[in-house]
Number of protein chains: 2
Amino acid sequence: MTPHLKEALTAAGQAVESVLDSLLPHGAGLEARLYAAMRYATLGAGKRMRPFLALEGAKLFSVAESCALRAAAAVEMVHCYSLVHDDLPAMDDDDLRRGRPTTHKQFDEATAILAGDALLTCAFEVLASPLTHGDPLVRAELTLALAQRAGAEGMVGGQMIDLEAEDHPLDIVGITRLQRMKTGALIGFAAESGAILGKAPLANRHALVAYAHDLGLAFQITDDLLDVEGSADEVGKKTGKDAARGKATFVSVLGAERARAQARMLADQAVRHLEPFGGKADLLRDLARWVVERRA
Amino acid sequence: MTPHLKEALTAAGQAVESVLDSLLPHGAGLEARLYAAMRYATLGAGKRMRPFLALEGAKLFSVAESCALRAAAAVEMVHCYSLVHDDLPAMDDDDLRRGRPTTHKQFDEATAILAGDALLTCAFEVLASPLTHGDPLVRAELTLALAQRAGAEGMVGGQMIDLEAEDHPLDIVGITRLQRMKTGALIGFAAESGAILGKAPLANRHALVAYAHDLGLAFQITDDLLDVEGSADEVGKKTGKDAARGKATFVSVLGAERARAQARMLADQAVRHLEPFGGKADLLRDLARWVVERRA
């Protein structure tokens with residue numbers, strides 16, 4: 001990772017952490033357990049790649065940072081809710097996430113389900129608030145785009161396919177579609193949220209979504225490679241689990257070498273989508289290169 | 001129930017069923033299981049009281065029915081998602097709902113969790129769409145209000161309190177607050193959505209929320225009475241379960257007679273909030289009276 005990217009990722013992570021902390025509820029009644037679980041699931045860990053995409057996308061269109069940070073926080077809430085629900089015993093049944101017990105392990109299943117529900121709802125509350133943008137059309141567009149990306153035909157649909165894929169092995173087209181829905185859709189929204197906030201031309205919005213889709217696939221292929229090659233210690237979550245379940249992944253279908261080449265090709269393609277934005281998009285370029293080189 | 005109310009409830013139920021059917025996704029891939037579960041959880045059953053409130057509220061301000069029906073459908077999606085998640089084994093662990101197997105019994109837990117997530121997300125997609133209202137400020141206000149009512153400080157927070165209450169018996173103030181959050185908040189949104197769509201004065205919006213809160217409490221107290229006195233056959237879900245868990249309810253704290261009197265008082269109070277709307281609100285008045293007289 002370039003020192004410049006590392007510095008920018010750290011700064012973005014700290015800024016969004018502080019905004020998340022201020023947006024998530026506090027409480028003293030019996031509901032305090034819910035709020036504690038929402039905070040546990042969201043604060044103090046994570047790469048914050050989606051917030052970084054939202055913030056860097058917004059910079060291309062000179063969006064006020066206070067607005068961009070709220071959109072970034074909303075995206076991260078949705079990402080964290082999806083992790084909480086995906087980790088549940090009825091789903092992927094994971095005990096470890098980001099090097100810590102998963103939310104249902106730290107609290108209990110019911111609290112984890114509710115914390116996920118509340119995080120998802122809170123994301124829409126943040127986007128629809130006048131504090132996120134003075135123009136209600138921008139707020140409505142943010143809400144609509146997030147709902148489309150995160151819902152039945154995006155992220156949640158992707159998770160359903162992922163569960164079904166245990167009994168219905170996918171080919172490379174199927175795996176690609178699954179990942180576009182399960183992870184690409186939300187990463188796409190993160191990148192385009194800056195363009196929506198900046199009322200950018202549709203062509204710019206589409207370029208950022210295309211960048212994010214390629215980035216997301218490159219990220220996922222690298223995840224699959226790490227799942228096979230990395231240790232839990234390095235990666236911060238259980239590894240080797242896809243193979244143990246007999247799930248088809250980019251690596252199991254393509255083999256490690258072709259998968260690695262495919263990830264690099266996608267990262268190059270992602271960088272090319274950024275041409276219209278000139279030097280302002282250099283950090284996004286660095287990110288695409290890092291995504292395929294990372295070890296965790 | 002007055003024949004007029006019965007007719008209007010039936011008509012509203014049929015209209016919202018048809019809109020829900022058109023709004024919920026269809027699909028042929030591995031995600032089809034998710035879509036089937038969303039449809040199972042939403043279509044073909046339910047009192048449709050929240051959609052009715054949304055439609056009748058909208059009529060007070062001469063809102064186009066096509067707009068009101070979309071808001072009504074969105075509210076019902078959120079209601080149905082909350083039932084799916086509340087019924088899960090980790091929560092209330094119910095096998096029967098509306099006289100049918102609960103969604104996780106009919107499908108499986110993972111699919112039920114995802115169907116709930118997708119229904120919640122879909123509700124926001126519907127509200128934020130230009131088809132729901134041409135004015136983006138109205139769309140943003142609908143989204144914001146729903147998120148506030150349905151989230152951590154509303155419905156989801158109420159469900160957390162309800163779960164915690166098994167170990168922390170509530171007094172009457174606590175039970176009232178729990179029910180305001182768990183059921184009153186969303187019923188409040190249903191009623192106020194018509195006022196938001198109609199750009200009604202804030203005083204009218206508040207009057208409808210006050211009506212709905214009293215109606216919701218009266219409804220809940222009657223539910224508690226039916227839980228003690230009704231049979232599963234009549235009510236369409238397992239009865240006697242609150243008592244079995246030692247949960248404090250309006251009936252266990254007040255006794256059946258005082259609880260019934262309280263429900264009637266709340267229904268009367270609900271009706272008084274409708275004064276500003278004259279004869280146009282007669283069906284809402286009939287509903288408040290029926291809520292405390294129903295046997296199921």
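I looked first at how the two copies are related: chain A can be laid on chain B by a turn of 180 degrees and a shift of 0.0 Å along the axis, with an RMSD of 0.0 Å, the superposition being by least squares on the C-alpha atoms of residues with pLDDT of at least 70 in both. The two copies are thus related as by a two-fold rotation axis.

I noted that this is a predicted model, in which local features need pLDDT of at least 70 and side-chain atom pairs count only at pLDDT 80 or more, while totals for chains, interfaces and linings use all residues. Residues are numbered from 1 along each chain as its sequence is written, and chains are lettered from A in the order in which they are written.

I then looked up the interface, where 46 residues of chain A are in contact with 46 residues of chain B (C-beta atoms, placed from the backbone, within 7 Å). The largest share of the chain A side, twelve residues, comes from α6(A), and by class this side has 28 nonpolar, ten polar and eight charged residues (Ala, Val, Leu, Ile, Met, Phe, Trp, Tyr, Cys and Pro count as nonpolar, Asp, Glu, Lys and Arg as charged, and the others, Gly among them, as polar). Because 100% of the interface residues of chain A are also interface residues in chain B, the copies meet through the same surface.

Turning to the chain itself, I recorded 15 helices and two strands in chain A (DSSP runs, H or I of at least four residues for helices and E of at least two for strands, numbered from the N terminus). Its C-alpha trace spans about 50 × 50 × 35 Å along the principal axes.

Notes: Contact = placed C-beta atoms within 7 Å.
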